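Colleague: Could you take me through one part of this model in close detail? I would enjoy a slow look, with some of the surroundings added afterwards.

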Amino acid sequence: MQVQEDVRPGIAFGPFRLYPAERLLVRDGEPMQIGGRALDLLICLTEKPGKIVGKRELIHRAWPNLTVEESSLRFHIVNLRKALGDGQPGTRYITNVSGRGYCFVAPVAAAVGANTPRIIEIHSKPQAAVNNAVAHDLPRRLDHIFGRDDAIAQIARQLQQKRFVTIHGPGGIGKTTVAIAVAHLLVQHFDGHICFLDLGTISDASLVASSLASSLGLTAVMSDSVPAVIEYLRERRLLVIFDCCEHVIDAVAELAERLYQEAPRVSILATSRERLRVEGESAIQLAALDNPPLQSVLSAAEIDRFAATRLFADRAAAAFVDDQISDQDAEVIADICRKLDGNALAIELVAGQVSKYGLQETSSLLDGKLGILLRGRRTAVPRHQTLKATVEWSYQLLDEAQKSLLQRLSIFVGSFSADDAEAVGTTDDDDRDVLTSLEALVEKSLVVVLRGAGSVRYRLLDSTKAYANEKLMAETDPMALKRRHAGHIVRLLQKRRSENLPPTSARAENRLLLGDVIAALQWSFSSDGDRDLAPILAAGATSLFISLSMLNECRRWCEKALAILPSTNDTAKTALVLNAALGHSLMLTEGNRDRARMAMERALELAESLDDKPNQFRLLCRMHMYFRRTGEISMLVPIARRLESLGNALGDPAALSAAHTLLSVGYHLIGDQLTAQSHIDVVLHLKEYEKVQPSHYAFHRSPYIASARCQWLLGYPEQARTMASRLEDADNSPDAVTYCIALIWGATVFQWLRDWKRVDGFAKRVIVHARDHSLRPYLMVGLAIEGETLLADGQLNAGLALLKSSVANLHSEQYELYIPRFEGSMARALLKQGRGDEARALIDSTIERIQQDGDYFEMPELLRIKGKVMAYQKDMDGAREAFSSAIDLADRQGALAWRLRAAMSNLRLLKGTAEVHTALSDLEATYNRFTEGFDTPDLVDAKTLLSRYSSALAQS
């Protein structure tokens, strides 16, 4: 029996080591004196690193069976922070999440005692280099910006020095223009990694973090996206621009503060009408454009001395004869700019009217309107009154058609197209020329043109939108317009679904539409909404939410829609879409639970009743994934056979390729390796996997993922090594989930080859990638593989602890696929520690659980492990039976590699018995069936055994 290692499993963070079982906290090797309550709180928080632990849970843990006030909890948290030195420069361990609880935010590691100094990062930081350039979608810089050079340079310097700058000032002052100019100035400084988030398109503050996650390309499936965003950005160098924060300022302030505290290489630039007032913020108030002094007389030659007059002259240039401004014109311009307090938007709006009314008349009209509107709310700041006066004045100069259209356009949350304007700008009884009115609004600077790659969109500036919406509510019944807006969004979503755009393009288009989709959903499900339209709208929005990885939003609206959707033939198609999306989102947010399966099964029933073959195919692909995750392997081949039949009926090579790939996966997992490889060969011949988009039939997987494992099992270790090496490259996997699967299956091959350095590399990639994309089950698998590398390194306690916690988490997610392998590794480790009874109980439980479902490809190896445990327990007959069963099952599976291992174990068991000759002959025959890979560990071991036993038997 081996002597158990003198190690203590614990947790490491910063200079600290925490040993919960011993209730011991050590700093730099020295025990620390810390109160019992504080220690209980620390243990509780470190058990869930990166997660919010509620106040009730913390109180229950530190004061079991007692009723205490939250003030006691705060007192002990404060003392704990002091003991840890939390809050000192560069040091952050525990953060308060307002209204919810506390979170342990430092990187946490599995630590063992002094005899095993290696530490394995459990919450390792992402690699410093940005893997993929952020698609920053930075708006174009204006060609002519007046009077802002100094401000742009100052803000750029401050941003580089302080990392966090808020540009604040009244509406229309030019904050966004300056922010965009700063970003363009710093493009090279940030190596092009700039993320511009237009919050004007978001009406719900709870969507700020998920919108940032979506813009960064994260698969944020949690209800709270902040931890995923923080973890992704923790070591990345990036400029994040939050534009137009005032209406969601609390959410932005909280997120920006956490980014500043926990992502030290991220810089933050915000624009808002007020400061965020959080830690790290450097606030710069953007002043009004420089105006001529009140008592001065401005000549034409002096127009360019002041930014406000330069801007006015530039925007009104078309009104002047031969582009010449007289001294008299210059004085009128100066007077107008003074009245407008140097507000850039107001100046542009007024300058836009000069060509129609002339300079002098424009000034006179402005005087009249200002005289009325300045008698407004006394608490409003003067600049806000002035801007409202300017919008009001411009509005009064519109004809009725233009006024009506401006009001109607205020219904849009974000930008809109000309088609969108036409859709809401008319009614069934009104066929007015919307495009002509839209063009007039653009000319009058009330609507802004946004020119992109091959497209033109429009938007209302915030102040104009607010004013127009106020008019809309006061002068009309907005319900009809909201209904029309919601109906238009339905049609847009239906069109988007039929376009089958590439994923990148689809996400970009969907981000533009997101704000209006949510606004339409909120209205349609409200008491004043349209209950008939609401489920149809929710169904149309599902593909948008899934595309943007907003799975909790998808689930929420699907559940709302299904709760009010009547069950009739007319609603079957809508119910199909809603149930399918609900099942998909539940599977990825709540785990592999019955609710997800039932939703997908209901959707499949509806698809079959409607003879909707494409949706049947999509749903069966998702159910194949569901049953893989739950470990119900016997379900896979029947589902894949149905997919093959549907693929033939559809006549689509992509569908056939998907069906054969999933057939190969099913046969591989039940242990029929020859049949699995035959289906892989069909896929390789079709070559459809090279060009299919991930969203096509809800499926995308390279055949090499399964083929690498099949090749090793069939007895071709060199081919398996070559294929598995290809899986390490992220460029070979088009989406986050597929890449995680490829890494996990590739790691398995290198584990079988006992190339633990490569296994460790694959595991670390899985951990980083899964954490970046909030794929918790794959993160647990990656950590379990890391645990196996610890076992291979001889760190048995640490490896077992990491495997045990990971397997427990996988069980809680009902993600069973990889658990038998991990339990086999745990049983071998327990045996090495001399814990034979525990190893026997574990391996028996694993085998019994698998046998309840049917065949499994790793069963020969699990039977071999059981035989080794029984031999340790001196149950020689039981061990012989287990090895014999392993050999027989390996033969039936065509798994020559498993047969070789079982034959070696059998030979060692039968040493000194009359049966050793038969066992030796069997191993020799098995070895001779191999044609390659003779330098791989298993074949080297087999050759050594054959030589040793042959010599020993010859001498005897």
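Leaving aside its neighbours within four places in sequence, which residues is Ala784 in contact with?

Modeller: Happy to! Please keep in mind that this is a predicted model. Once neighbours within four places in sequence are set aside, the contacts of Ala784 are Leu803, Ser806 and Phe822. Ala784 itself belongs to helix H33, which covers residues 776-792. Its relative accessible area is 0%, and because buried means under 20%, Ala784 counts as buried. Another residue to look at from here is Leu800: 16 residues separate Ala784 and Leu800 in sequence, and their C-alpha atoms are 9.2 Å apart in space.

Helix H28 lets us look at burial along a whole element. H28 has 14 residues, 673-686, and at 1.5 Å a residue it should span 20 Å; the C-alpha atoms at its ends are 20 Å apart, so the two agree. Its buried residues are Gln673, Ala676, Gln677, His679, Ile680 and Val683. Viewed down the axis of H28, these buried residues fall within an arc of 160°, so they line one face of the helix. Turned away from that buried side is the face that carries the exposed residues Leu674 and His685. As for partners, the buried residues of H28 pack against four helices: H26 (636-650), H27 (653-670), H29 (704-714) and H38 (876-893). Just after H28 comes Lys687, with a positive phi of about 60°.

The aromatic residues are worth a visit too. The count comes to 20 aromatic pairs. One of them joins Phe16 and Tyr93, edge-to-face, with 5.8 Å from centre to centre and 80° between the planes. This pair links distant parts of the chain, 77 residues apart: Phe16 sits in strand E2 (residues 16-19), while Tyr93 is in the loop between helix H3 (70-84) and strand E6 (94-97). Phe16 counts as buried at 0% relative accessibility, and Tyr93 counts as buried at 7%. Elsewhere, Trp712, Trp752, Tyr856, Phe857 and Trp898 form one aromatic cluster.

Finally, two arginines sit over rings. Arg236 lies over the face of Tyr232, 3.9 Å from the ring centre. Arg726 lies over the face of Tyr704, at 4.0 Å from the ring centre. To return to your starting point, Ala784 is buried and lies in helix H33, in contact with Leu803, Ser806 and Phe822 beyond its sequence neighbours within four places.

Key. Residues are numbered from 1 along each chain as its sequence is written. This is a predicted model: local features need pLDDT of at least 70, side-chain atom pairs count only at pLDDT 80 or more; totals for chains, interfaces and linings use all residues. Side-chain values use heavy atoms; hydrogens and water are left out. Helices (H or I, at least four residues) and strands (E, at least two) are DSSP runs, numbered from the N terminus. The expected span of a helix is 1.5 Å times one less than its number of residues. Buried means under 20% relative accessible area, exposed over 50%, partly exposed in between (1.4 Å probe, protein chains only). The arc is that of the directions from the helix axis to the C-beta atoms. Contact means heavy atoms within 4.5 Å. Rings of Phe, Tyr and Trp (its six-membered ring) pair if their centres lie within 6.5 Å; planes under 30 degrees apart count as stacked, over 60 as edge-to-face and the rest as tilted. A charge sits over a ring if NZ of Lys or CZ of Arg is within 6 Å of the ring centre and within 35 degrees of the ring normal.
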